[in-house]
Each structure stands twice: as C-alpha cells, then as structure tokens.
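Visitor: Got a minute to walk me through this one? I'd like to start with the basics and then poke around.

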Amino acid sequence: MLKDLVKKNRSYRGYDEAYRFTKEMLMDFVDHARLAPSSVNAQPFRYYLAWEKEETDRIQALTKWARALPQMELPHKGMCPTAFIVICQDTRLGESLQRYQKDVGIVAQTMLLAAAEKELGGCMIGNFNAGEVKSELKLPEYLAPMLIVAFGKPAETIVLTELKEGGNCAYYRDEKDVHYVPKRKLKDIVISADID
C-alpha cells in the first residue's frame, strides 16, 4: 500500500482549478508532518497555509516550475495549484538553515503522501526567491522560507518509465502533454558486494 502511494505521489504541474481546499484539509497535512521524525527532535518548522484564490495566486506568481522544461510554461494557464504550504524554519529554534535540510524533505514528503492518500497531489518547489516570499507573506524576521509545497487535484498524466542503459534521466513531455519520468533500475542503484 505504501509503494502504491509513493507511485501516486508525483510532482504534478497541472491541476483542476475548480477543486478547492479548506483550512482544515491543509491543517491535516501539517498534522501528518508534525508527527514525522525531526533531527534531535528540534521540530524547527512553521507552516504558512494558503487556500484562498487571491493568496494562492500571489504565491504562484513567486514560484518557478519545471526547470528541466524551459521551453514550456508550467503549470499551463488555468491549471495552477489551489493550495500551498510554505515550510519555514524558525531560526529561534535552529539558526543553521543547512542543518535541517533533510527534515524539510521529510515533512514535505509526508504531507504529499497524505495528499496522495486522498487522491490529491502536489509538487515541491525550491525555485523561488526566499526574500520575496518572506516580504510578500509578511513573515517575521525569524521565519525563513525553506520550501513551497503546491497542492491540488491532479489534471495531468504522469508515467514512470525505466531508464534505459546510458539513457537520460531528465523528465520530458510528449506531443499529448503526457509527462514521463525515467527511473533508474533497482539493480543500478544498490551497492552490494554480490552485484556484477
């Protein structure tokens, strides 16, 4: 069951804009995240929730998507996410932003798996200017934006493929806008004494 959720949890870049979130739904995602492991149990993150259209539009404008597809504007017009959670580090609880980078990934993945369980999806967005986000959201000085997680009802097809020998692992789209994600073979990523 977990493997099925992991397969469903893709980086979606196209959503049904008619689907709306509530504050309670996003609070539930954060409730999952707060139960995740934390380095030295510091729990240094605070979560900025956005689900109303005016605010999600403001955050969307601060993000850049799909760096590997520079010729494409993603999400396509009319297919933007309808909620965001901005993961911020409270520097009063931990000054080093580097120290908790792995924790950022853990809480983001936990929230996205919770979304996948509800037939929803999202995308981790690291391509943004932290200063601009901090200013736009009027965050206090001690909160540092670390990652933006988009959420929505997926409205695109994503296909996992097996990476061929010597192939390129960059994701791509075909003429029907189907998104393909090549994955390395299990035997190619496991380090073991008995592998040829």
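Guide: Sure. Helices (H or I, at least four residues) and strands (E, at least two) are DSSP runs, numbered from the N terminus. This is a predicted model, where local features need pLDDT of at least 70 and side-chain atom pairs count only at pLDDT 80 or more, while totals for chains, interfaces and linings use all residues. Residues are numbered from 1 along each chain as its sequence is written, and side-chain values use heavy atoms, with hydrogens and water left out.

Visitor: OK, salt bridges. How many does the structure hold?

Guide: Twelve, taking a salt bridge as a side-chain nitrogen of Lys or Arg within 4 Å of a carboxyl oxygen of Asp or Glu.

Visitor: Let's take helix 3. How far apart in the helix are Asp57 and Lys53?

Guide: Four residues, in helix 3 (residues 53–60), so about one helical turn separates them. They form a salt bridge with the closest N and O atoms 3.0 Å apart.

Visitor: Is Asp57 buried, exposed or partly exposed?

Guide: Partly exposed, with a relative accessible area of 40%. Buried means under 20% relative accessible area, exposed over 50%, and partly exposed in between (1.4 Å probe, protein chains only). Lys53 is also partly exposed, at 44%.

Visitor: And which residue does Arg58 bridge to?

Guide: Glu136, with 2.9 Å between the closest N and O atoms. That pair links distant parts of the chain, since Glu136 sits in helix 5 (residues 130–136) and Arg58 in helix 3, 78 residues apart. Arg58 is partly exposed at 28%, and Glu136 is partly exposed at 29%.

Visitor: What does Glu119 meet in a salt bridge?

Guide: Lys8, at 2.7 Å from N to O. Glu119 is in the loop between helix 4 (101–117) and strand 3 (121–125) and Lys8 is in helix 1 (residues 2–8), so the pair ties together parts 111 residues apart in sequence.

Visitor: Which residues are linked in a network?

Guide: Arg46, Asp90 and Arg92 are, through salt bridges.

Visitor: Switching to pockets. What volume does the largest pocket have?

Guide: About 230 Å³. On a 1 Å grid over the protein atoms alone, a pocket is an open set of points with protein on both sides within 12 Å along at least five of seven lines, and lining residues have an atom within 4 Å of a point. The volume is the space filled by probe spheres set on the points.

Visitor: Which element gives the most to its lining?

Guide: Strand 7, with three residues. The lining residues include Arg10, Gln109, Met124, Tyr171 and His179.

Visitor: What about the sheet: in which order do the three strands run?

Guide: 5-7-6, in an open sheet with mixed pairing. Strand 5 (158–162) and strand 6 (172–173) are the edge strands, each pairing on one side only. Two strands pair if DSSP finds at least two bridges between them; strands 5 and 7 pair in the parallel sense over five bridges. In that region, Ile158 stands opposite His179 in strand 7.

Visitor: Last thing, cysteines. How many disulfides does the structure hold?

Guide: Zero, with a disulfide being a pair of cysteine sulfur atoms within 2.5 Å.

Visitor: Why is Cys80 not bonded to Cys123?

Guide: Because the sulfur of Cys80 is 12 Å from that of Cys123, the closest cysteine sulfur, and that's too far for a bond. For Cys88, the nearest cysteine sulfur is also that of Cys123, 18 Å away. Cys88 is buried, at 2% relative accessibility.

Notes:
1 Å grid on protein atoms, 1.4 Å probe; cavity = no way out; pocket = protein on both sides within 12 Å on 5 of 7 lines; lining within 4 Å.
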